Amino acid sequence: MKITAVEAIPFAIPYVKPLKFASGEVHAATHVLVRVHTDAGVVGVAEAPPRPFTYGETQDGIIAVIEGIFAPAVVGLTLLEREVVAARMARTVGNPAAKSAVDMAIWDALGKVLGLPVGDMLGGYTDRMRVGHMLGFAEPAAMVAEAEKMVDTYGIRTFKVKVGRHPASLDTAVVRALRERFGDDVELYVDGNRGWTAAESARAMREMADLDLLFAEELCDAADVLGRRWLVEQLAVPFIADESVPTPADVTREILGRSATAISIKTARSGFTTSRRTHHLAEGLGVPVVMGNQIDGQIGTACTLAFGSAFELTSRYAGELSNFLDMSDDLLTEPLQIRDGHLHRSTAPGIGFEVDPDKLEKYRTDN
Ligand code: MUC
Ligand code: MG
């Protein structure tokens with residue numbers, strides 16, 4: 001069960017439709033495939049999505065830190081020594097997506113060696129999650145049309161609407177158009193990716209007060225400590241901390257500081273080992289959790305699904321599990337299938353997916 005090598009392979013898969021939001025845009029999945037090899041012959045796999053606009057990581061940087069620091073630190077450890085892996089990687093500041101992919105690939109390998117699905121190893125609460133879809137910036141009519149397609153084709157009925165533009169009426173018009181089109185048939189929430197000030201956020205939320213929003217997420221900069229607390233105090237809906245809570249300590253600070261009242265857990269930035277800590281903390285603090293999307297491909301989505309379905313708290317709300325639909329292709333032998341608004345997790349050992357070697361050959365960018 002010993003780790004013998006860790007590979008970091010860059011690949012790029014274009015998006016059919018780029019995702020645009022207040023802090024950036026994504027036109028291609030320029031991710032890193034991480035493979036953890038073991039002396040049992042089993043290989044664990046996960047992917048790391050670089051998000052320079054959120055965590056400062058780049059594709060080259062992820063490869064460099066894995067090859068130069070994390071691989072030498074974990075080779076020789078067993079798959080059961082996940083806390084030792086976490087402690088050794090924690091000696092390096094930052095690099096959340098790189099650390100998470102190494103962690104999840106180790107869990108994948110462990111599940112494969114034991115013949116158990118990782119979702120069951122983590123908690124086994126349910127075998128499925130409700131799917132929520134993230135609507136990126138576009139004209140109101142195009143965003144409504146995309147939501148219609150998601151309802152009709154996949155049965156998705158929860159939408160996170162990207163906001164944070166100027167003027168804010170561009171965004172409030174979209175949310176209003178969605179509510180008018182679908183009535184009470186859909187759940188709607190908004191994510192500002194820090195695009196507005198606290199005052200702009202408060203004004204926009206007042207404009208949308210009659211639209212029955214489920215949550216508001218990271219509308220303004222958490223560094224504006226008093227402004228954000230002032231905003232959160234006046235909201236009638238839970239305020240999700242996302243970019244501001246990559247670590248459990250950040251969750252404690254935001255919740256106890258009353259500048260957030262819910263959190264997003266993203267396995268792409270906290271893997272399984274740290275996400276588990278974050279989940280237990282959220283449970284203890286009594287705050288709602290939404291399983292977020294780091295603009296993941298299908299591998300990342302399978303990871304989110306494995307973790308989100310493992311606990312009651314993480315599967316209570318729809319998880320953001322559908323943005324891979326915007327990609328032109330992916331790496332899996334069997335694509336994830338959203339049916340009736342749900343994704344079911346695989347019962348196969350490990351996280352439950354297989355990489356197609358021909359697809360990897362086609363999309364890897366290091367050959
Ligand atoms: C999200 O929830 O914010 C966009 C930027 C990022 O870091 O994640 C995505 C989705
Ligand atoms: Mg967000």
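Start by selecting Glu83 and Arg277: their side chains meet in a salt bridge, with 2.4 Å from N to O. (A salt bridge here is a side-chain nitrogen of Lys or Arg within 4 Å of a carboxyl oxygen of Asp or Glu.) You're looking at a predicted model, where local features need pLDDT of at least 70 and side-chain atom pairs count only at pLDDT 80 or more, while totals for chains, interfaces and linings use all residues. Residues are numbered from 1 along each chain as its sequence is written, chains are lettered from A and ligands numbered from 1 in the order written, and side-chain values use heavy atoms, with hydrogens and water left out.

Next, color by domain. Domain 1 covers 3-115 and domain 2 covers 120-344, with bounds that come from an automatic or database domain assignment. Their centres, taken over C-alpha atoms, sit 23 Å apart. Select the contact (heavy atoms within 4.5 Å) and you'll pick up 34 residues from domain 1 and 40 residues from domain 2.

How much area is buried between domain 1 and domain 2? About 3,000 Å², with carbon and sulfur atoms giving 65% of it. (That's the accessible area, with a 1.4 Å probe, that two parts lose on being put together, summed over both.) Now show Leu19, Met104 and Trp107: they supply 20% of the area that domain 1 buries against domain 2, more than any other three residues.

For the polar side of things, the interface has three salt bridges. There are also 20 residue pairs in polar contact between the domains, both residues at pLDDT 80 or more. (A polar contact is a pair of N or O atoms within 3.5 Å; within protein, one must be able to donate a hydrogen and the other to accept it, and residues adjacent in sequence count only if both atoms are side-chain atoms.)

Jump to the magnesium ion (ligand 2). Which residues are its protein donors? Pick Asp191 (OD), Glu217 (OE) and Asp242 (OD), lying 2.0 to 2.2 Å from the ion. (Donors are N, O and S atoms within 2.8 Å of the metal, or 3.2 Å for Na, K and Ca; water is not among the atoms, so sites may look incomplete.) Along the sequence, the spacing reads D-x25-E-x24-D.

Two backbone stops to finish. Most residues other than glycine have a negative phi, and most peptide bonds are trans. Go to His166 and Pro167, joined by a cis peptide bond with omega of about -5°. Then select Ile295, which has a positive phi of about 60° although it is not a glycine.
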